4 protein chains.
Amino acid sequence: MTDDRPQLRVAMIGYGFMGAAHSQGWRTAPRFFDLPAEPVMSVIVGRDTVRVEDARRRFGWQRAETDWRAVIDDPDIDVVDICTPGDSHAEIAIAALDAGKHVLCEKPLANTVAEAEAMTAAAERAAARGIRSMVGFSYRRVPAIGFARRLVQEGRLGAIRQVRALYLQDWLRDEDGPMTWRLDKTLAGSGSLGDIGAHAVDLVEHLTGSQLGAVSGTLATFVEERPLLGEGVGLSGTASTERGTVTVDDAAWFTARLAGGEADGAIGAFEATRYATGRKNALRIELSGSRGAIAFDLEEMNELQFYDATAPAGEQGFTRIIVTEPEHPYMANWWPTGHAIGYEHAFSHEVVDLVTAIASGTDPEPSFADGLHIQRVLDAVERSAADGSAWTPIP
Amino acid sequence: MTDDRPQLRVAMIGYGFMGAAHSQGWRTAPRFFDLPAEPVMSVIVGRDTVRVEDARRRFGWQRAETDWRAVIDDPDIDVVDICTPGDSHAEIAIAALDAGKHVLCEKPLANTVAEAEAMTAAAERAAARGIRSMVGFSYRRVPAIGFARRLVQEGRLGAIRQVRALYLQDWLRDEDGPMTWRLDKTLAGSGSLGDIGAHAVDLVEHLTGSQLGAVSGTLATFVEERPLLGEGVGLSGTASTERGTVTVDDAAWFTARLAGGEADGAIGAFEATRYATGRKNALRIELSGSRGAIAFDLEEMNELQFYDATAPAGEQGFTRIIVTEPEHPYMANWWPTGHAIGYEHAFSHEVVDLVTAIASGTDPEPSFADGLHIQRVLDAVERSAADGSAWTPIP
Amino acid sequence: MTDDRPQLRVAMIGYGFMGAAHSQGWRTAPRFFDLPAEPVMSVIVGRDTVRVEDARRRFGWQRAETDWRAVIDDPDIDVVDICTPGDSHAEIAIAALDAGKHVLCEKPLANTVAEAEAMTAAAERAAARGIRSMVGFSYRRVPAIGFARRLVQEGRLGAIRQVRALYLQDWLRDEDGPMTWRLDKTLAGSGSLGDIGAHAVDLVEHLTGSQLGAVSGTLATFVEERPLLGEGVGLSGTASTERGTVTVDDAAWFTARLAGGEADGAIGAFEATRYATGRKNALRIELSGSRGAIAFDLEEMNELQFYDATAPAGEQGFTRIIVTEPEHPYMANWWPTGHAIGYEHAFSHEVVDLVTAIASGTDPEPSFADGLHIQRVLDAVERSAADGSAWTPIP
Amino acid sequence: MTDDRPQLRVAMIGYGFMGAAHSQGWRTAPRFFDLPAEPVMSVIVGRDTVRVEDARRRFGWQRAETDWRAVIDDPDIDVVDICTPGDSHAEIAIAALDAGKHVLCEKPLANTVAEAEAMTAAAERAAARGIRSMVGFSYRRVPAIGFARRLVQEGRLGAIRQVRALYLQDWLRDEDGPMTWRLDKTLAGSGSLGDIGAHAVDLVEHLTGSQLGAVSGTLATFVEERPLLGEGVGLSGTASTERGTVTVDDAAWFTARLAGGEADGAIGAFEATRYATGRKNALRIELSGSRGAIAFDLEEMNELQFYDATAPAGEQGFTRIIVTEPEHPYMANWWPTGHAIGYEHAFSHEVVDLVTAIASGTDPEPSFADGLHIQRVLDAVERSAADGSAWTPIP
């Protein structure tokens with residue numbers, strides 16, 4: 001190996017869905033992008049010895065550990081990538097940052113505002129020592145989103161007055177679907193609001209450069225009890241006759257006032273739900289501006305609809321841009337024109353941007369402060385909903 | 001003429017956009033449907049002598065009048081069709097009903113709840129004497145809507161839990177567009193809310209058989225002053241340098257709780273706007289149920305998207321049904337399969353249903369009471385918006 | 001009636017599907033367009049006394065006749081509108097033209113090239129005396145087609161190199177569907193080729209200004225025998241056990257070389273079929289040029305897809321133009337932006353253009369010579385198919 | 001490493017676009033699928049020392065070689081993966097097979113029928129010794145294609161009567177685009193026909209289980225001369241004033257008769273072009289059957305349109321199935337419902353199927369015999385085109 005780039009030795013905590021996605025990012029990014037440092041998939045961490053070894057083998061990490069503190073103490077580890085559920089983010093991230101590790105933390109940043117605040121403080125302390133931190137809102141790195149952002153920044157939409165942001169899934173449609181940890185507020189923090197609504201908020205703020213300043217929100221739980229899976233039965237087990245209580249929102253709606261950026265003074269309408277029958281992963285963003293509009297749907301993630309209101313009368317319409325051209329963000333490094341990329345590519349792009357920031361000594365985005373802000377938005381929505389949808393400012 | 005059907009002599013008040021649409025309905029319905037009575041386009045009424053005569057000739061009415069009271073007093077008139085702006089609906093409709101004329105009144109029923117209440121009382125008095133009344137929510141008569149309603153009634157959607165209802169237009173996008181009477185609260189009653197939001201509310205209630213029980217609403221005016229057209233200059237005149245104040249909402253959002261019908265307990269998210277850049281006439285309704293879903297967009301008015309959640313796993317998806325089959329409402333009377341109908345056909349269908357109801361001695365839908373209910377919804381949205389989006393029950 | 005425009009008294013021969021469509025055109029055009037002459041729906045002609053009287057009443061004509069020669073001899077008739085099956089076009093049209101009547105003849109112009117030649121000769125004789133003639137290729141008058149043609153003429157597509165033109169229907173998909181006159185070569189002339197393929201050829205030539213110069217064709221009949229309907233049983237009768245032989249093509253494919261106009265040197269790929277399962281009325285035209293492209297589908301007849309290859313790299317894509325703006329052909333006379341028109345509107349536009357041509361003393365398009373040319377193309381396709389798809393020049 | 005699966009040591013020849021895609025397949029497949037053997041990315045081969053070493057590093061192979069014969073002679077190599085241009089396929093593949101290596105050969109199998117015949121003979125000799133061979137028509141492994149094939153095999157389409165198969169790209173639209181080796185018949189064999197038309201033929205045969213029996217074809221070259229790139233200037237150089245002659249087809253059209261399988265007796269219409277302005281990678285397949293239809297477009301590769309003609313009248317329509325469910329081929333191993341995969345995933349699936357076949361001692365598909373058949377189809381199209389589109393049987 002004549003490669004003289006520095007190495008970045010990575011430890012990843014967690015090996016579920018996000019662990020698989022992050023592993024694919026770490027593995028693939030260096031194969032398609034000229035990175036300024038070489039990421040090494042050093043350690044994967046999980047509590048269960050057998051499962052973590054299985055994940056190590058499947059995902060291709062060099063070593064497995066069962067205690068995350070081992071990698072915090074390991075001087076050979078440069079980056080800690082946190083893919084655990086939200087309730088453990090704060091403890092791990094703060095320890096890692098204090099130990100001088102760069103941290104990539106999966107979204108949401110934390111389950112509570114207080115935790116997120118502590119994490120942000122830790123990130124700011126660490127930044128002063130050149131330690132970088134980043135929240136994993138991966139959809140920012142979908143090329144169509146990056147391209148949309150460029151159009152907004154170039155003024156192609158003019159003054160953005162209205163925003164529509166929906167994240168529609170339908171996997172809770174069946175009322176006999178089982179109770180899971182994601183429906184338990186203690187473990188999951190919130191329901192659709194935090195799990196997928198957070199993405200909608202982040203994308204709107206990322207695209208417009210604006211921030212939600214106040215919200216009026218509503219939450220609903222449509223199915224209040226769901227069958228418990230028998231003990232030790234696991235996901236493939238038959239449902240028991242006992243039922244557990246759903247303690248999170250099934251769906252969330254909120255109206256928001258935006259301030260700053262290109263959507264200063266705009267109103268946004270948000271919805272996050274797991275009951276939108278037939279919608280599988282429809283994260284839809286539409287920005288309506290005085291000079292143009294964009295519309296995006298994650299179910300067609302390689303496309304962006306752009307409306308140019310300055311085109312001649314009679315020729316205006318939404319243009320379906322297939323976002324696979326070398327001019328589009330990240331795409332010059334993949335396949336020829338017209339060849340689609342998939343969900344996982346956003347994680348490769350996340351790795352590219354994080355490694356580049358670490359190597360160049362700059363702070364990657366979104367920061368922990370950005371993640372904290374999102375938590376505050378979610379918290380304000382919950383408080384507004386509890387207060388009869390009263391308008392609630394974001395602190 | 002060996003036609004032995006009774007005649008229905010119609011007088012239409014007003015000759016603007018709606019006058020043109022209603023005329024096309026009266027003229028065309030008898031050519032494609034076997035009506036139990038023969039409508040006769042007797043009198044058109046307008047205040048301006050020259051303009052009403054021009055409209056008479058263009059629209060093909062037998063006679064023109066300049067005072068609407070003339071037709072109220074005319075014993076030869078059976079039906080009064082009111083196409084004037086909302087501020088004159090109440091006076092005309094009540095006079096006509098009291099004089100024993102059947103009444104078709106364009107939506108919205110009135111500009112205020114009080115007027116709508118008086119009209120509804122008049123309609124109920126008249127109904128006791130066999131006089132019929134109907135509000136012109138024409139989109140109920142789009143075949144795709146009728147077909148969607150049938151699917152809902154047959155239980156194909158199961159329990160409807162969520163509703164999305166948007167009416168998106170963009171003709172106010174340009175901040176230099178002129179001030180018009182539609183932007184003046186005194187004349188227009190409200191802005192997007194009443195003009196197009198009313199359609200969204202009516203369709204949701206019509207499709208689900210449910211009623212909005214309470215709302216949390218927000219209104220916004222994005223452009224507060226617009227150029228005044230010079231006096232006597234008219235629509236083709238150049239804009240003056242003076243600006244008038246917009247006194248209606250530019251856009252309205254509201255969340256609603258539904259009760260009764262197939263969407264009992266559901267939450268609906270509504271938006272009505274004239275600032276949705278690039279959206280020309282996008283009245284979009286999506287109903288998410290436990291067994292299925294439908295999605296409709298008026299910009300593709302000959303299509304209905306239907307998702308059957310009881311189909312085998314792996315074969316589910318939204319089916320794009322081209323609603324031009326003889327099995328679809330009204331369509332057997334038009335063209336062969338695959339041949340589109342347009343905006344105006346809903347007005348022919350309105351005529352078919354009104355004439356049929358009159359001839360058969362039944363009450364057509366939507367009734368004035370339905371129209372009053374819609375006014376109460378709009379009023380509650382305005383009161384909620386004025387009260388910080390507080391949840392406001394519909395009386 | 002103070003109208004001082006001249007009248008044009010029309011006699012329509014035939015009262016089937018096309019009779020209904022033409023009647024709607026004659027009835028509606030004067031209501032939305034300021035015509036230079038006033039069409040009068042004078043006489044409808046059909047052989048069956050009872051049926052023609054029924055059609056007269058339904059379609060709203062003043063008088064019914066059972067012999068088309070009566071209207072040829074009637075000095076009060078100015079225009080003869082021929083809506084009969086193709087085998088009678090020649091005799092009626094030639095008689096009408098020789099009698100000094102303007103003629104609108106439904107497509108295809110005739111069932112044979114020889115008949116079409118005789119008709120064209122008659123039209124040319126008549127033209128010398130100021131008598132006008134026109135073939136009813138109504139789809140030329142769909143606004144999206146008119147707008148596409150304008151884009152082509154303005155050079156927005158550059159040199160057109162490839163054409164795709166398909167007309168896909170599926171009403172013969174079911175092999176147990178009955179034998180009808182349309183499947184009998186003696187009556188219908190040809191099958192999909194002449195019935196719907198003719199539209200594809202006409203639109204391509206109209207849009208590009210080019211002509212098909214030579215073709216290589218293939219015909220197929222997939223279901224060779226179909227159930228005969230019992231005598232006197234009619235369309236609602238049950239199928240008999242006897243089967244009749246299909247003698248026309250079920251589907252036709254041909255490749256063509258174009259010459260002249262904007263597609264000089266281009267290759268076109270054509271398909272016409274009634275077996276395209278799920279396609280109801282999909283007349284699809286795509287023109288691929290050096291500077292741009294257009295794509296049209298009659299199933300979305302209010303839309304045109306336009307690709308501008310001169311737009312900046314990264315911003316190119318097909319723009320979905322909703323063809324309902326006042327800038328679009330014919331649309332200023334209908335409804336506001338975003339309000340769809342339907343199939344029948346093209347017949348109103350046909351009336352507008354014919355009446356305008358007659359009043360202004362100009363020759364309308366498409367001419368009988370254009371119709372003859374289309375017949376020659378269809379004939380060449382049949383001869384090529386019979387000759388092993390050998391390239392066959394259009395005379 | 002406690003993995004007790006056998007290893008499969010792979011040597012890949014070539015490192016261009018296909019080398020990158022195959023590398024991604026070899027690297028990724030074992031991370032998402034439980035393979036019965038463990039592929040090892042042993043050797044990458046390329047003629048240029050510097051470039052192959054760069055590719056080795058980027059793509060992650062263990063060792064680089066500059067002479068492909070070195071891997072043929074290497075007893076440690078189990079699989080040879082041929083990603084070179086078509087003119088070298090025959091020599092390498094035959095040598096590898098004769099040396100007992102399993103072979104994956106990128107499509108098209110060869111540039112001539114004679115070469116393909118020799119390769120097929122070698123593959124059959126090798127098969128007798130348990131050596132496997134496969135042609136890389138990767139699009140067979142797109143899940144939507146696999147799912148469509150299942151629907152066809154289950155009889156859901158009934159008798160397929162018509163096929164539409166187009167592969168539309170537009171990268172030659174600009175007549176000033178440079179001359180490249182792909183436009184030189186000596187190097188590329190043919191143009192659009194072999195490069196992309198071959199995919200369309202393979203997919204149609206794969207989906208239907210039928211074979212093309214005879215073709216009537218047309219070829220065209222629209223731009224006959226293109227600017228030469230200066231010597232030694234490379235792809236980034238400025239175009240010289242000299243122009244080279246294009247010796248391959250720019251576009252190909254052919255009509256085909258199918259025999260056997262589910263489309264016995266059907267007619268297929270094919271087009272392959274690089275001049276379809278605005279179409280980036282539109283491989284479109286539509287199968288029209290007596291009981292249903294499917295439509296696929298590679299530009300929406302995660303979707304399949306399915307029309308069920310046995311659904312109740314009025315409910316029929318194309319259903320847009322998002323092919324990301326665990327019931328769909330390969331998809332259970334990737335991401336949750338609604339999360340898209342991309343172009344490269346088909347190469348992972350190719351690896352899965354090849355490794356599984358090798359480990360289980362079965363012959364993978366498509367075989368070299370399948371590849372030879374495709375070459376014979378392409379050859380017949382060229383001969384038909386040269387013979388005035390005369391129908392030409394496939395040997």
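Two strands count as paired here if DSSP finds at least two bridges between them. Keep that in mind as you move through this predicted model.

**Stop one: the sheet in chain D**

Select strand 1 (residues 7-13) and strand 2 (residues 38-45) of chain D. These two run in the parallel sense and are joined over seven bridges. For a detail, show Met12(D) and look across to Ile44(D) in strand 2 of chain D, which stands opposite.

Now add helix 1 (residues 17-32) of chain D, which packs on the sheet. Helix 1 touches strand 1, strand 2, strand 4 (79-82) and strand 5 (102-106) of chain D. Its direction makes about 155 degrees with that of strand 2 of chain D.

Next, bring in the rest of the sheet. In which order do the six strands lie? Reading across, you meet 3-2-1-4-5-6 in chain D, an open sheet with parallel pairing. Its edges are strand 3 (63-65) and strand 6 (133-136) of chain D, each of which pairs on one side only. If you look at how neighbouring strands of this sheet are turned against each other, the average is 25 degrees, direction ignored.

**Stop two: where chain B meets chain C**

Hide chain D and show chains B and C. The contact draws 26 residues from chain B and 25 residues from chain C. On the side of chain B that touches chain C, helix 1 (17-32) and helix 2 (49-59) of chain B each supply at least two residues. Colour that side of chain B by residue class and you will find 10 nonpolar, 10 polar and six charged residues.

How are the two copies related? Superposing chain B on chain C takes a rotation of 180 degrees with 0.0 Å of shift along its axis, and the RMSD is 0.0 Å. That is the relation of a two-fold axis. The same surface serves both copies, with 96% of the contact residues of chain B recurring in chain C. To find the axis on screen, pick Gly342(B): of the residues of chain B, its C-alpha comes closest to the rotation axis, at 2.1 Å.

**Stop three: chain A as a whole**

Finally, isolate chain A and switch to a cartoon, where 10 helices and 17 strands appear. The radius of gyration of chain A is 21 Å, close to the 21 Å that the globule rule gives for 395 residues, so chain A is as compact as a globular protein of that length. Rotate the view to follow the principal axes: the C-alpha trace of chain A spans about 65 × 60 × 40 Å along them.

Colour chain A by burial next, and 61% of its 395 residues come up as buried. For a last view, draw the contacts in chain A with a separation of 6 or more: residues 24 or more positions apart account for 71% of them.

How values were computed: Residues numbered from 1 in each chain as written. Chains lettered and ligands numbered in written order. Predicted model: local features only at pLDDT ≥ 70, side-chain atom pairs only at ≥ 80, totals over all residues. Contact = placed C-beta atoms within 7 Å. Helix = DSSP H or I, 4+ residues; strand = E, 2+ residues; numbered from the N terminus. Nonpolar A, V, L, I, M, F, W, Y, C, P; charged D, E, K, R; others polar. Least-squares fit on C-alpha atoms with pLDDT ≥ 70 in both. Axes fitted to C-alpha atoms, helices over the stretch in contact; angles between N-to-C directions. Rg over C-alpha atoms; globule rule 2.2 N^0.38 Å. Buried ≥ 20, exposed ≤ 12 C-beta atoms within 10 Å, placed from the backbone.
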